[in-house]
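Please prepare a briefing on the ligand site of the structure below, with the criteria behind each term stated.

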Amino acid sequence: MSADYNGTWDIVSNDNFEGYMVALGIDFATRKIAGVLKPQKVIEQDGDCFIIKTYSTFRNYTCSFKIGEEYEEVTKGLDNRKCQTVVNWDNGRLVCVQRGEKKNRGWTHWIEEDKLHLELRCEKQVCKQVYKRSS
Ligand code: ECB
């Protein structure tokens, strides 16, 4: 089962982003800046093809993928690592596995009551973000 993620989404909560960044080896000064950002997601979905843009006043990040097709992701401007990344559907959830140097790395998106949820995982750390539709 798939779902429609199209839209512009503004962050409303961001739990344990600090732990996630520590797990990724992000330096102290960068974490202090990144930790107070209010990122926005712009998601363009055409069936199984996605472009997810994450915007902030500090840095932006874009990834694009097709469901089930593994690709090499370079997390440029984030932790600058290479991952073998694949995203699959799981009952309307988008489940991403980022295989590489870091164990247990990936993320999951889902929509619940018109809120966009995102769980970001790295090693033993889980960051939980919630976004609302932008007005
Ligand atoms: C791009 C906004 C945040 C910029 C933070 C800058 C430096 C911190 C460095 C690394 C922290 C690791 C991740 C940053 C958090 C969010 C960016 C995108 C996370 C992500 O992988 O989102 C997925 C799922 O929506 C699509 O790329």
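The briefing below treats the ligand, its surroundings and one annotated segment.

This is a predicted model, in which local features need pLDDT of at least 70 and side-chain atom pairs count only at pLDDT 80 or more, while totals for chains, interfaces and linings use all residues. Residues are numbered from 1 along each chain as its sequence is written, and side-chain values use heavy atoms, with hydrogens and water left out.

**Ligand placement**
- The ligand sits in the largest cavity (a set of points on a 1 Å grid over the protein atoms alone where a 1.4 Å probe fits but cannot get out; sitting there requires more than half of the ligand's atoms within 2 Å of its grid points).
- Of the 640 Å² of accessible area that the ligand has on its own, the protein covers 98% (Shrake-Rupley method, 1.4 Å probe).

**Shell and contacts**
- Around the ligand are 21 residues, of which Ile26, Lys41, Arg59, Cys63 and His109 come nearest (a residue is near if one of its heavy atoms lies within 4 Å).
- By class, this shell has 15 nonpolar, four polar and two charged residues, with Cys and Tyr counted among the nonpolar and Gly among the polar types.
- Helix 1 gives the most to the shell, with three residues (helices are DSSP runs of H or I with at least four residues, strands E runs with at least two).
- Oxygen atoms of the ligand lie 2.7 Å from an N or O atom in the side chain of Lys41 and 2.7 Å from a polar side-chain atom of His109.

**Annotated segment**
- UniProt lists residues 7-24 as "domain: Cytosolic fatty-acid binding proteins" in an unreviewed entry, and such annotations may be inferred rather than shown by experiment.
- Over residues 7-24 the chain is 39% helix and 50% strand, with its end C-alpha atoms 28 Å apart.

Conventions. A polar contact is a pair of N or O atoms within 3.5 Å; within protein, one must be able to donate a hydrogen and the other to accept it, and residues adjacent in sequence count only if both atoms are side-chain atoms. On a 1 Å grid over the protein atoms alone, a cavity is a set of points where a 1.4 Å probe fits but cannot get out, and a pocket is an open set with protein on both sides within 12 Å along at least five of seven lines; lining residues have an atom within 4 Å of a point.
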